Amino acid sequence: MKRTPLIAGNWKMNTTVSEACSLARAILTGIESADGVEKVICPPFVSLAPLYEILAASPIKLAAQNMYFRPKGAFTGEVSASMIKPFCSYVILGHSERRQIFGESNEIINSKIIAAFEAGLKPILCLGESLEQRKAGKAVDTVTGQLLNCLVNVRQTSELVIAYEPVWAIGTGVNAAIEEVCQIMEALRAALAGMYGTGTGDEIRLLYGGSVTAENTASYLSQPVIDGALVGGASLDSNQFTTIIKLAAAVKNT
Ligand code: PGA
């Protein structure tokens with residue numbers, strides 16, 4: 001099945017509003033056409049509205065980096081799906097920094113995925129094993145377990161995106177070996193086929209994330225099992241991020 005490649009830039013807790021506007025403009029200028037690749041920027045919440053104005057007539061879509069699953073109420077500091085929906089197509093859920101630093105469980109992430117779909121947002125669900133889990137030979141079991149638990153009672157799947165991001169590869173400069181990533185992607189694809197049936201499971205895009213750079217993008221994306229990348233640090237550099245997008249277009253559309 002042909003899946004549209006997707007490159008998403010996760011800016012994390014970086015950029016003031018004015019820095020975010022400058023970076024978005026630089027990316028917009030730099031991407032030229034890069035047709036055939038879906039392009040997504042994930043800025044901090046406060047920059048979603050201003051970037052929406054800047055990117056409205058452009059091919060770049062916006063994602064939030066998180067949201068809460070309740071629709072509204074006394075949840076100080078939280079932001080709901082309906083608050084981000086006017087600006088965003090996507091929302092990152094279950095990023096390992098949310099799991100590790102803020103204690104998010106698979107159950108919470110599952111509730112967020114259901115709430116995101118109900119609001120018309122497309123979740124980018126992040127999964128990944130720790131170094132200890134990998135060393136213990138538990139990478140596949142950990143990641144497929146996260147997948148099953150995060151998708152309990154999730155029936156809507158065509159718009160779901162999965163990002164496999166080994167925890168030890170995030171922000172470390174130690175990107176995962178291609179063969180290891182492919183092994184996990186194949187296990188995820190098989191698990192999705194088991195849950196949703198081959199045709200439905202096949203629509204879901206599988207991204208790799210973890211120290212993706214302009215130098216290593218092509219080697220990941222030349223693998224048919226890898227549909228795109230979730231890019232952290234390198235997405236804060238407009239030259240590098242636009243190079244990654246152009247490489248994705250070249251590798252996937254040949
Ligand atoms: P990194 O981050 O590219 O800086 O490793 C990826 C991510 O956390 O999504």
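**Helix H7 and its surroundings**

The buried residues of helix H7 (buried meaning under 20% relative accessible area with a 1.4 Å probe, protein chains only) are covered by elements that include helix H4 (96–102), H5, strand E5 (122–127), helix H6 (131–135), strand E6 (161–164) and helix H8 (178–196). Helices (H or I, at least four residues) and strands (E, at least two) are DSSP runs, numbered from the N terminus. The model is predicted: local features need pLDDT of at least 70, side-chain atom pairs count only at pLDDT 80 or more, and totals for chains, interfaces and linings use all residues. Residues are numbered from 1 along each chain as its sequence is written, and side-chain values use heavy atoms, with hydrogens and water left out.

Which residues of H7 are buried? They are Ala-139, Thr-142, Val-143, Thr-144, Gln-146, Leu-147 and Cys-150.

One neighbour, H5 (residues 106–118), can be followed in detail. The axes of H5 and H7 (residues 139–150), lines fitted to C-alpha atoms over the stretch in contact, with angles from 0 to 180 degrees between N-to-C directions, come within 8 Å and cross at roughly 50 degrees. That makes H5 oblique to H7, the term for angles outside the roughly parallel (under 35 degrees), antiparallel (over 145) and perpendicular (65 to 115) ranges. In contact (heavy atoms within 4.5 Å), Asn-106, Ile-109, Asn-110 and Ile-113 of H5 meet Gln-146, Asn-149 and Cys-150 of H7.

Elsewhere, Cys-42 lies in strand E2 (residues 38–42) and counts as buried, at 0% relative accessibility. Cys-42 and Trp-11 are 31 residues apart in sequence, yet 5.9 Å apart in space, C-alpha to C-alpha.

Methods:
Buried means under 20% relative accessible area, exposed over 50%, partly exposed in between (1.4 Å probe, protein chains only).
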